[in-house]
Amino acid sequence: MSIAELEGADVQRDAPSGLWREAWSRLRRNPVAIIGFCLVVFFALVALLAPWIAPFGPNQDVGFSQCSTSGCPGPSIHHWLGIDLNGRDELSRIIFGARFSLLIGFVSALSGLSIGLVLGSIAGYAGGLIDTIVMRCMDVMLAIPGLLLAIGIVAMLGTGLWQIMVAVGVTNVPIFARLLRGSVLVQREQDFVLAARAVGVRRRAILFSHILPNAISPVIVQGTLAMATAIIDVAGLGFLGLGPQDPATPEWGTMLTQVNEYLQSAPWLAIAPGVAIVLSVLGFNLIGDGLREALDPKLRGRV
Amino acid sequence: MLRFIVRRLLLLVPILLGLSILVFGWIRALPGSPAQTLLGERATPQLILQVRHQYGLDKPLPIQYWDYLKTVSSGNLGTSITTYRPVTYELQHRFPATVELALGAMIFAIGVGIPLGFFAAKKYGSFFDQSSLVGSLIGISIPIFFLGLILKYIFAVRLHWLPSIGREDILATRAHPTNFYVLDAIIGLDPGGLWDAIRHLILPSIALGSIPLAIVTRITRASVLDVQHEDYVRTARAKGLPPNEVDRRHVLRNALLPISTIIGLQTGLLLSGAVLTEKVFAWPGVGSWLTSAIASRDYPVLQGGILFVAIVFVLVNLVVDISYAIINPRIRLS
């Protein structure tokens, strides 16, 4: 093992952790990011513990008999957010809905991120023809506005939970691919990559252990923001009637669709799922914003 | 400059070709054969064969694609299978509605966002600044359709200040030569019609404009903060130019550069964001048309509509790029 390789390992261990440690300490002092973090943790806990904290089941009939033609009973001591038009407890549905909305958002953002990550880093690192082909495909995907692309995909696959995940995931692919390619292109020309190549590190090792760790920070910021948009897009598709077709599924966007027609008689049924969407999305946006500031190299050293 | 424009135009060719392949492939990837899709579920095998031949669906794929390209480039985007009207005919009526809505949203976002961002930067760190930041973050986090529902409930259902759906009074019988209702009312010198059209535009524009508003505010603030500390601003101040003049002639003018790109990009996005707003406010634009096409499985409408919106989106981005290059010489030369 040459000296360069030995030291290379040391430098590699130091450099990223320095950046991350510094970013973390800056993040901890950012009250806005902390609020975002609390919101996300709150919703994650609600989703995880739904069966234990929800007062009723998501599809349990708790008072359909009390509903009349003029509407269902509003918020009360027993039903904090009232009863929906099928006689189900709205609060319980919101709590169980956290599972669907967060999970769909998470899976779609993550799948878009991983595929985009692979495509972007291959395109950026390989260059040449591969780069051209991959990026032109991404350009075509970006040419269709996100929501329309998602609508087209759902129309093709049919409505449902996993179809929405695929649709929203696909719209995220070109965003990440483009982001990562740009960042890889910058890193590829750095001196440490040249040095690694000079001492004979294999191409794959250079890409995965030298370029990617340094190119990843904008991706993490974008990932949090993508999670926020994914929740909104999923709710939007649900609102358009493309969500889970089973009306028993308590997805927040789908819950808003029905209310559109009953806005006059039961506005609280519209407000509750809407506020849940806004708060969870806000949480991710706040974290993303805080992360962007914390990871910004221009602001480094100003802890 | 000419070279830049030609290069950008040439880059458009592969994107448009890719789009056409995507849309062409999409309708063939739908569940069931295209002929089945066109005819619905109760079609006889005989009829399906006939339609397959009529539409050239029995030819090899590359030839079908070539035929499709020829039809599309001659301006034929297909025919709706529910209304039997050509897609282009519907677009003539619906696209102006969407453009009018998008413009309304953009005017709202720019008219409110630039002053808001500017004063937030001027009062950096103040309560006003902080609340504009928090407000813009909340603005990005609210789904358009939820904001639309809330606005509709407060201002239309509760207060009866503004109409809740449509582009004009349902009982109105006005002629619309251009299909831009505001423009029609101005041309026709009809103040009542103008007021009616604007009243219908307000709520949908605010709902659709919420995200661009948040973004324009943030970018304006950041950009003014950047420019404020430039040397030429200090020089202008040092030579005794009144503060308002400095703001107007040096700070704002230079800060507007990044803002203009954002505005251009957002306008393109608004055309697609309109899908949700149009559904909430029953706005008869391209978005609500596409939504109902999904419900009725009207695939030719979806195919033509999506292709059309994507082309418009690409062209808007092109115009933004070129105009940005005109404003900013550094882009053009690099």
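What distance does helix α12 of chain A reach from its first C-alpha to its last, and what distance is expected at 1.5 Å a residue? In this predicted model, helix α12, which spans residues 267–295 of chain A and has 29 residues, reaches 42 Å, close to the 42 Å expected. Of the 29 residues of α12(A), 23 are buried, so this helix is largely enclosed by the rest of the structure.

The setting of this helix is a chain with 12 helices and 0 strands, and the elements of chain A accordingly read α-α-α-α-α-α-α-α-α-α-α-α from the N terminus on. Chain A has 303 residues, 51% of which count as buried. The surface that chain A exposes amounts to about 14100 Å², with carbon and sulfur atoms supplying 66% of this area. When contacts in chain A between residues at least 6 apart in sequence are considered, 75% of them join residues at least 24 apart.

A local view of such packing is given by A109(A), a residue of helix α4, which covers residues 90–126 of chain A. With a relative accessibility of 5%, A109(A) counts as buried, because the value is under 20%. Leaving aside residues up to four places away in sequence, A109(A) touches N172(A), A226(A), M227(A) and A230(A). A109(A) and T229(A), although 120 residues apart in sequence, are separated by 8.6 Å in space, C-alpha to C-alpha.

Cysteine residues were also examined, and the structure holds 0 disulfides over all chains. Two cysteines of chain A may be described by their accessibility: C38(A), at 47%, counts as partly exposed, and C137(A), at 42%, likewise counts as partly exposed.

Charged side chains form 9 salt bridges over all chains. In chain A, R136(A), D139(A) and R178(A) are linked in a network of such bridges. In chain B, the side chain of E90(B) meets that of R85(B) in a salt bridge of 3.0 Å, N to O, and also meets that of R94(B) in a salt bridge of 3.2 Å, N to O. E90(B) and R94(B) both lie in helix α5 of chain B, where they are 4 residues apart, about one turn of the helix. E90(B) has a relative accessibility of 7% and therefore counts as buried, whereas R85(B), at 38%, counts as partly exposed.

A further salt bridge in chain B joins R234(B) and D231(B), with the closest N and O atoms 3.5 Å apart. Both residues belong to helix α10, residues 231–238 of chain B, and are 3 residues apart, about one turn of the helix. R234(B) and D231(B) are each exposed, in contrast to E90(B), which counts as buried.

Confidence in the model was considered for the whole and for chain B. The model scores ipTM 0.79 and pTM 0.80, while chain B averages a pLDDT of 81, with 93% of the residues scoring at least 70. Among the elements of chain B, the highest mean pLDDT, 88, belongs to helix α5 (residues 87–122), and the lowest, 58, to helix α14 (residues 329–333). Where pLDDT is low, the predicted coordinates should not be read in detail.

Methods: Residues are numbered from 1 along each chain as its sequence is written. Chains are lettered from A and ligands numbered from 1 in the order in which they are written. This is a predicted model: local features need pLDDT of at least 70, side-chain atom pairs count only at pLDDT 80 or more; totals for chains, interfaces and linings use all residues. Side-chain values use heavy atoms; hydrogens and water are left out. Helices (H or I, at least four residues) and strands (E, at least two) are DSSP runs, numbered from the N terminus. Buried means under 20% relative accessible area, exposed over 50%, partly exposed in between (1.4 Å probe, protein chains only). Contact means heavy atoms within 4.5 Å. Accessible areas come from the Shrake-Rupley method with a 1.4 Å probe; for residues, only the protein chains shown count as cover. The expected span of a helix is 1.5 Å times one less than its number of residues. pLDDT is the predictor's confidence in each residue, from 0 to 100. A disulfide is a pair of cysteine sulfur atoms within 2.5 Å. A salt bridge is a side-chain nitrogen of Lys or Arg within 4 Å of a carboxyl oxygen of Asp or Glu.
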